[in-house]
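Biologist: Could you take me through one helix of this complex at close range? I would like to hear how its two sides differ in their surroundings.

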Amino acid sequence: MKSSVITFPGSNCDRDMDVALKKFGFKNKMVWHDDNELPKSDLVVLPGGFSYGDYLRCGSMASKSKIMQSVINFAKSGGLVMGICNGFQILVETGLVPGVLLRNKYLEFICKNVFIKVDNKENFYFKNLDKDIFEFHIAHNEGNYFCTKDQLKEIEDNNQIAIYYCNDKGQIEDQFNPNGSIKNIAGIFNKEKNVLGMMPHPERMIDQSLSGEDGSLFFKNLINNIK
Amino acid sequence: MKISTIITLKKDVLDPQGKVIHQTLDGMGFKDINEVRQGKYFEIDVNESDPAKAKKIVEDMCKKLLANLVIENYKIIETQ
C-alpha cells in the first residue's frame with residue numbers, strides 16, 4: 001500500500017507520520033508542497049504543524065499551494081485523504097470538509113492526551129476496529145470546530161461526524177471538550193467519507209514505551225482496510 | 001491604487017480574543033463597553049487606476065483567500 005505525506009513549509013509532524021505509516025506497512029513517500037503531481041497513492045496525509053507560520057488563518061496559505069490542486073483532484077475522484085491537526089485546518093480551508101477551526105475557547109495552546117469516541121465505522125478509516133474509545137494526543141491552538149447551523153444539520157444528516165471528544169468511558173459531555181468545539185466534534189468526514197480531518201494525532205500513539213498503542217490499532221486497521 | 005479591506009467575524013461567531021480585550025479594558029476602567037470584536041485590516045496597492053476594477057480585484061482576493069466566508073465578512077474601502 002502506497003501513501004504520500006505532504007510537507008509544507010512549517011509542517012512538523014510530517015516525519016512522525018512517515019515513521020508511523022512505515023511501521024505498519026505503508027510504502028510512504030514525502031511530497032513537497034511545491035510539486036505539481038502526487039505520486040501514485042492509496043492514501044494521502046496532510047500532517048500537523050504550523051504551515052506558513054499560521055499566517056492569515058491556520059491552513060489558509062497551504063490550501064492554495066501547488067500540490068493541493070492534485071490532492072483536491074485525488075480526493076474528488078474518491079482517493080483517501082487524511083488531515084491531522086494543521087492538516088485538518090488545511091482541509092477545511094480547501095472546502096473538502098465543511099466548517100472551520102477557530103481559536104480554542106479559552107485561548108490556550110492545549111497539549112495533552114484526550115479520549116475520543118469513534119461515531120461512524122462505515123468508512124475506510126474506522127471499519128473493523130473492535131473498540132470505540134481511543135486515547136490520542138492533541139496539540140493545538142486552533143481546534144475549536146465551528147460551522148453554521150445549516151452545515152451542522154447537513155453534517156449530522158449525512159453522518160459526517162467522525163469522532164467526538166469524550167472521557168475514558170465514552171461520555172460525550174461539555175466537561176470533556178478541550179477547546180470549545182461544537183458538539184465536542186474532534187473530526188469530520190466529507191459527504192463521501194473518503195476525506196477525514198481530525199485534530200488528534202494517532203501518529204503520536206504508536207509506541208507503548210513513549211505514549212500508548214491506540215494509534216497502532218488505528219494504523220494497523222487502516223492498512224488492512226485499504227488492502 | 002490603494003484599496004483597503006476590513007475583515008470581521010460574523011455576528012454569531014464567538015470571538016474569544018475580543019472577549020479578553022473587553023475584560024482587560026474593563027479592568028483598566030473603561031466601563032462603558034458593550035462588546036469588543038477583533039478583526040483584520042489589509043491595505044493592498046493594486047496596479048489598476050480604475051477604482052471599480054481595483055475594488056473588484058480586491059473583492060476577488062477577499063472571497064478566495066483573505067476572508068473565510070463561513071465565519072467572516074469583508075468590507076472594501078477605496079483609499080486613494
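Modeller: Happy to; here is a walk around helix α2 of chain A, with a word on the chain contact at the end. This is a predicted model, where local features need pLDDT (the predictor's confidence in each residue, from 0 to 100) of at least 70, side-chain atom pairs count only at pLDDT 80 or more, and totals for chains, interfaces and linings use all residues. Residues are numbered from 1 along each chain as its sequence is written, while chains are lettered from A and ligands numbered from 1 in the order in which they are written.

Helix α2 of chain A spans residues 66–76 (helices are DSSP runs of H or I, at least four residues, and strands runs of E, at least two, numbered from the N terminus). A:I67, A:M68, A:V71 and A:A75 are buried there (20 or more other C-beta atoms within 10 Å of a residue's own; exposed means 12 or fewer, partly exposed in between, with C-beta atoms placed from the backbone). Seen down the axis of α2(A), these buried residues fall within an arc of 100°, so they line one face of the helix; the arc is that of the directions from the helix axis to the C-beta atoms. An α-helix has 3.6 residues a turn, so residues three or four places apart point the same way.

The cover over that buried side includes strands β1 (2–7), β2 (27–32) and β11 (195–198) of chain A, along with helix α3 (86–94). Turned away from the buried side, the other face carries the exposed A:K66 and A:N73. After α2(A) comes A:G78, with a positive phi near 100°.

As for the chain contact, 12 residues of chain A and 9 of chain B take part (contact means C-beta atoms, placed from the backbone, within 7 Å). The predictor gives the complex an ipTM of 0.81 and a pTM of 0.93.

Note on methods
Contact = placed C-beta atoms within 7 Å.
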